[in-house]
Amino acid sequence: MIILKNVILRRSAKVLLDGATVTLNPGEKVGLVGRNGAGKSTLFALFNGTLHEDGGDFSMPRQWRLAQVAQNMPETQESATDFVVTGDTRLVEARSRLRAAEAAHLAEPDDAEAGMALAQAYTDLHDAGEHDAVPRAQALILGLGFQVHELDNPVDSFSGGWRMRLQLARALMCPSDLLLLDEPTNHLDLDALVWLESWLQKYAGTMIVISHDREFLDAVTDVTLHIEHARLTRYGGNYSKFEEMRALQMEQQQQAFAKQQEKIAHLQKFIDRFKAKASKAKQAQSRVKALERMEKVAPLLAEADFQFEFKEPANIPNPMLSVSEASFGYVQEGAAPKVILTGVNRSVLAGQRIGILGANGQGKSTFVKTIAREMGALAGTVTEGKGLNIGYFAQQELDVLHPESNPLEHMVRLARDLGPNAPGRSTEQDLRGFLGSFNFSGDMVKQPVGTMSGGEKARLVLAMMVWQRPNLLLLDEPTNHLDLATREALAVALNEFEGTLMLVSHDRALLRSVCDEFWLVGRGVVKDFDGDLDDYQRYLLEEAKRQRELARQQTQAAATAAAAAPAPVAAELAPPAPTPAPPADGGRAQRQRDAQARQQLAEQSRPLRKELTQIDTRLAALGTEKSAREAELMQPLPPAQIAEAGRRLKQIDDEVASLEERWLALSEQLEALQG
């Protein structure tokens, strides 16, 4: 188990944890929550050994294996599959020992000890899962949203967000007793998020996760650790249960504080009244001592909630925009345009609140970017209402901030770019006041953006968008770096927004809170989705099942074709029909000799042909089973079941190779007979 006893943690001069005492039991799934800057990442650093306690005692079993998502962006030409496979540290160690044993055996081939070490290394490699490592890795990669044709692509060929998904897959690949996950959902779409939840629910070790996605925390955790005011408090239950218990605790604390204040006031009143009277001096002194001994109940020091609001739009056109017979996609240099969506006919009306749904890679961002004027339609028309003012929050919006500039400089630059179209006054004092409403006050308005946290950067982008007073909001994953309090503030602000909203998000709590209808982007079209988010999750599971079935059918068809391929060769190997001899000298004797030869050839080839037929049948059956196993590995499975499926796939491959060798040998024998 993990034990903290009176632990003190500091970052520079700031005390982040003071006297923290908590115990985490093996197998518990723990959500670590608290405001940005409260010390969550610092506590993670204690768990992974990169930071040591400044006071108190911290202990964790020495033999535990740790897995966590590397935060660096991988730079390698290694294939996606190989990159994830090497996340299995036990397998990598076994491979290293095997290489050393092979080198030692090669140097001393007659050394019995070297031979035994080599045999042991091969056994260790098998026990480490060498035989099923590739299918295990590929099951993780596919579960996180990659396509089958991308499994062998170089890591460097993927964008930053996709490379971080590979880092997550690599962490899940690692056999571990303790799994540390810091915001694992940031780069995931909703379909990959649903898969990850299912995988983590089956994880057998101890898990500690930092996340600002309340539904994700509810799904995967059963314990909550809350950091507030340098204190660490354990709550039994997921995030929703934690909120209920904390609210009750705060209410009880406030009641106890108020009751104690009444008692203190009563004692103080008695002391003040009678301390000068000799007859009451003893009683007054007794109450002074009682007051000094009293253990004070702390007042409730709830942190001020962050709140903001969207200004009322200057005008609201209706319809906001209209899309007619449009094709959306992107232009490739030196190649034909890549069409993603076709036949798009949509109208966006004033006041609509639309959630954009769709599996990974189906075109959600392409659709939103085209509406946001970031890309042009490949065909058809996109007609905007008069006075349309779009506020666009893109996933990559944080990347376009200037790291060396401060928030005030960003606002001044924005006001200058808008010129006469800037909403209201834009003096430096006005902009400072506006930034203050987004918690950029004092020296923070002069702090370079490059030194800020992801949440602070996202808050600045929100501030810049709000300041422009848009009437149509296009938000593509706006919550990636926002803490729970800021997400709740965003939900409140969006619900009060008087314009039109179009939202892409994997935050189901936000989608449920602010969207009245959903559009589904998939299979090349945009259409209404008739249902809620629970219906959509069921749709995702059905779509994944459909894709697996399609892949199974394709694999089975390929296996059947491969099994049938030898038939023409066998026909070629069959002895040709003998050419009748000319009927000279009464050709009866020749016909008898020909019949005897045919009979002898048939008797010799019969067992060979029978075995060939059996091999063809067996190969077809193995192809069908292999398709089923591969489809099984595309589903979220417990590690033991994944390993079993992977082992069976290895056995199938070995048997297929053996049967194919036997088939070739039989074919050569038949050919020799024919000769």
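On a 1 Å grid over the protein atoms alone, a cavity is a set of points where a 1.4 Å probe fits but cannot get out, and lining residues have an atom within 4 Å of a point. Grid points are joined across faces, edges and corners, and a volume is the space filled by probe spheres set on the points. By that definition the structure holds 2 cavities of 30 Å³ or more.

The model is predicted: local features need pLDDT of at least 70, side-chain atom pairs count only at pLDDT 80 or more, and totals for chains, interfaces and linings use all residues. Residues are numbered from 1 along each chain as its sequence is written, and side-chain values use heavy atoms, with hydrogens and water left out.

**Whole chain**

Start with the chain in cartoon view. It has 20 helices and 18 strands; helices (H or I, at least four residues) and strands (E, at least two) are DSSP runs, numbered from the N terminus. Colour next by burial, where buried means under 20% relative accessible area, exposed over 50%, and partly exposed in between (1.4 Å probe, protein chains only). Of the 675 residues, 44% count as buried. Contact means heavy atoms within 4.5 Å. Among contacts in the chain with a separation of 6 or more, 72% are between residues 24 or more positions apart.

**The largest cavity**

Select D189, L190, I356, L357, G358, K364, E477, V504, S505, H506 and Y536, which line the largest cavity. Its volume is about 60 Å³. The lining divides into 5 nonpolar, 3 polar and 3 charged residues, where Ala, Val, Leu, Ile, Met, Phe, Trp, Tyr, Cys and Pro count as nonpolar, Asp, Glu, Lys and Arg as charged, and the others, Gly among them, as polar.

From H506 in the lining, step to N186, which is in contact with N480, H481 and H506 when neighbours within four places in sequence are left aside. N186 sits in the loop between β6 (178–182) and α7 (190–201). With a relative accessible area of 9%, N186 is buried.

K364, another lining residue, leads to helix α11. This helix covers residues 364–371, and 6 of its 8 residues are buried, so it is largely enclosed by the rest of the structure. The buried ones are K364, T366, F367, V368, T370 and I371. Just after α11, check R373, which takes a positive phi of about 75°.

**The nonpolar cores**

A nonpolar core is a set of buried Ala, Val, Leu, Ile, Met, Phe, Trp, Tyr and Cys residues joined through side-chain atoms within 4.5 Å. Select L200 and F308: of the 104 residues in the largest core, these two touch the most other members. Helix α14 (residues 454–467) gives the most to this core, with 9 residues. Now show the surroundings of F308. Apart from neighbours within four places in sequence, F308 is in contact with F438, L462, V466, A489, L490 and A493. Apart from the largest core lies another, of 27 residues, including L43, A45, I227 and L232.

**Helix α5**

Move to residues 133–143. Helix α5 is mostly covered, with 9 of its 11 residues buried. They are A133, P135, R136, A137, A139, L140, I141, L142 and G143. Just past the helix, G145 has a positive phi of about 105°.

**Cysteines**

Select C174 and then C515. C174 counts as buried at 10% relative accessibility, and C515 is likewise buried at 10%. A search of the whole structure finds 0 disulfides, a disulfide being a pair of cysteine sulfur atoms within 2.5 Å.

**Backbone stops**

Go to N318 and P319, which are joined by a cis peptide bond with omega of about 5°. P319 lies in the loop between α10 (281–293) and β10 (321–330). From P319, look across to T383: the two C-alpha atoms are separated by 9.5 Å, with the residues 64 apart along the chain. T383 belongs to strand β13 (residues 379–384) and is partly exposed, with a relative accessible area of 47%. Leaving aside neighbours within four places in sequence, T383 is in contact with M320, L321 and S322.

Two further stops concern phi. H229, not a glycine, has a positive phi of about 55°. H229 is in the loop between β8 (223–228) and β9 (231–236) and is partly exposed at 45% relative accessible area. End at N439, also not a glycine, where phi is positive at about 65°. N439 lies in the loop between α13 (428–436) and α14, and its relative accessible area of 41% makes it partly exposed.

Methods
On a 1 Å grid over the protein atoms alone, a cavity is a set of points where a 1.4 Å probe fits but cannot get out, and a pocket is an open set with protein on both sides within 12 Å along at least five of seven lines; lining residues have an atom within 4 Å of a point.
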